[in-house]
Amino acid sequence: MEIYEVLEAVEAALTREDKMKVIANNDSLGLRDILKVNFNKKIKLNVDKSVNWTPSETPTQSLKDITKHLPSLTDTKLDKSRATKSFKAMLEQIHPMDAQVLQNAAKGKLKYKGLTSALVEEVYGNKFITK
């Protein structure tokens with residue numbers, strides 16, 4: 001499953017336990033990275049708030065694969081315009097739905113019914129989320 005599909009499945013799950021199972025059963029470094037970027041207040045991407053990107057008709061990468069490049073975008077020594085260009089390139093290489101997930105997570109605005117920092121903390125533990 002792509003990450004956006006996992007998050008849609010979390011939203012569709014009826015109970016908290018089912019939501020936790022969806023996250024746990026689809027665990028990947030990419031999913032963890034997206035949730036960290038969204039919920040961990042100490043992680044800030046050094047990119048412009050608004051990035052204009054063109055959705056890919058034929059994605060060449062998976063969001064699960066490109067999240068390994070996110071740590072370099074937190075470096076405040078990196079020129080913000082250069083970081084934004086890299087971020088835009090990431091968005092344009094992946095499925096448009098995953099690109100929207102990444103862009104929303106970067107803003108801390110990943111909104112899926114029932115997906116909360118408390119839920120994520122319960123799945124991954126309290127070292128995962130820093131408030």
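**Warm-up: is A83 buried or exposed, and what is its relative accessible area?**

Keep in mind throughout that you're working on a predicted model.

Step 1. Find the residue: A83 sits in helix α5, residues 80-93.

Step 2. Check its accessibility. A83 comes out with a relative accessible area of 0%. The cut-off for buried is under 20%, so A83 is buried.

Step 3. Look at the neighbours. Leaving out residues up to four places away in sequence, A83 touches N46, V47, L73 and L78. D48 is 35 residues from A83 in sequence, with a C-alpha to C-alpha distance of 8.5 Å.

**Exercise 2. Classify K42 and S117 by accessibility, and place each in the fold.**

Step 1. Start with K42, which lies in the loop between α3 and α4 (63-66). Its relative accessible area is 67%. Exposed means over 50%, so K42 is exposed.

Step 2. Try a distance from there. K42 and D98 are 56 residues apart in sequence, and 23 Å separate their C-alpha atoms.

Step 3. Now S117, which belongs to helix α7. With 24% relative accessibility, S117 counts as partly exposed. Its C-alpha is 8.5 Å from that of N40, although the two positions lie 77 residues apart along the chain.

**Exercise 3. Work out how α1 and α2 pack, and say which residues meet.**

Step 1. Get the geometry. The axes of α1 and α2 are 8 Å apart, at an angle of about 165 degrees. That makes α1 roughly antiparallel to α2, since angles over 145 degrees go in that class.

Step 2. Add the handedness: α1 passes α2 in a right-handed crossing.

Step 3. List the contact. From α1 come V6, A9, V10 and E11, and they meet K19, V22 and I23 of α2. By class, this contact has five nonpolar residues, no polar ones and two charged.

**Exercise 4. Do the same for α1 and α3.**

Step 1. The axes of α1 and α3 come within 10 Å and cross at roughly 65 degrees. The two helices are therefore roughly perpendicular to each other.

Step 2. Once again you should find a right-handed crossing, here for α1 and α3.

Step 3. On the α1 side, the contact is made by I3, V6 and L7; on the α3 side, by G30, L31, I34 and L35. Sorting them gives six nonpolar, one polar and no charged residues. Watch out for glycine when you sort, as Gly counts as polar here.

**Exercise 5. Which residues of α2 are buried, where do they point, and what covers them?**

Step 1. Pick out the buried ones: K19, M20, V22 and I23.

Step 2. Look down the axis of α2. The buried residues fall within an arc of 155 degrees, so they line one face of the helix. As background, an α-helix has 3.6 residues a turn, so residues three or four places apart point the same way.

Step 3. Turn to the other side. The face of α2 pointing away from the buried side carries K21 and N25, both exposed.

Step 4. Find the cover. Among what packs over the buried residues of α2 are α1, α3 and α7.

**Exercise 6. Describe the packing of α2 against α7, then the buried face of α7.**

Step 1. Helix α2 (residues 16-25) and helix α7 (residues 117-124) pack at an angle of about 60 degrees, and their axes are 10 Å apart. That makes α2 oblique to α7.

Step 2. The crossing of α2 past α7 is right-handed. It brings together R16, K19, M20, I23 and A24 of α2 with A118, L119, E122, V123 and Y124 of α7. This contact holds seven nonpolar, no polar and three charged residues.

Step 3. Within α7, the buried residues are L119, V120 and Y124. Viewed down the axis of α7, they fall within an arc of 115 degrees, so they line one face of the helix.

Step 4. Those buried residues of α7 pack against α1 (3-12), α2 and α3 (29-39).

Step 5. Finish at the end of the helix. After α7 comes G125, whose phi is positive, near 100 degrees.

Conventions:
Residues numbered from 1 in each chain as written. Predicted model: local features only at pLDDT ≥ 70, side-chain atom pairs only at ≥ 80, totals over all residues. Heavy atoms only, no water. Axes fitted to C-alpha atoms, helices over the stretch in contact; angles between N-to-C directions. Helix = DSSP H or I, 4+ residues; strand = E, 2+ residues; numbered from the N terminus. Parallel < 35°, antiparallel > 145°, perpendicular 65-115°, else oblique. Left-handed = near helix turned anticlockwise from the far one by under 90°. Contact = heavy atoms within 4.5 Å. Buried < 20%, exposed > 50% of the residue type's maximum accessible area, 1.4 Å probe, protein only. Arc of directions from axis to C-beta.
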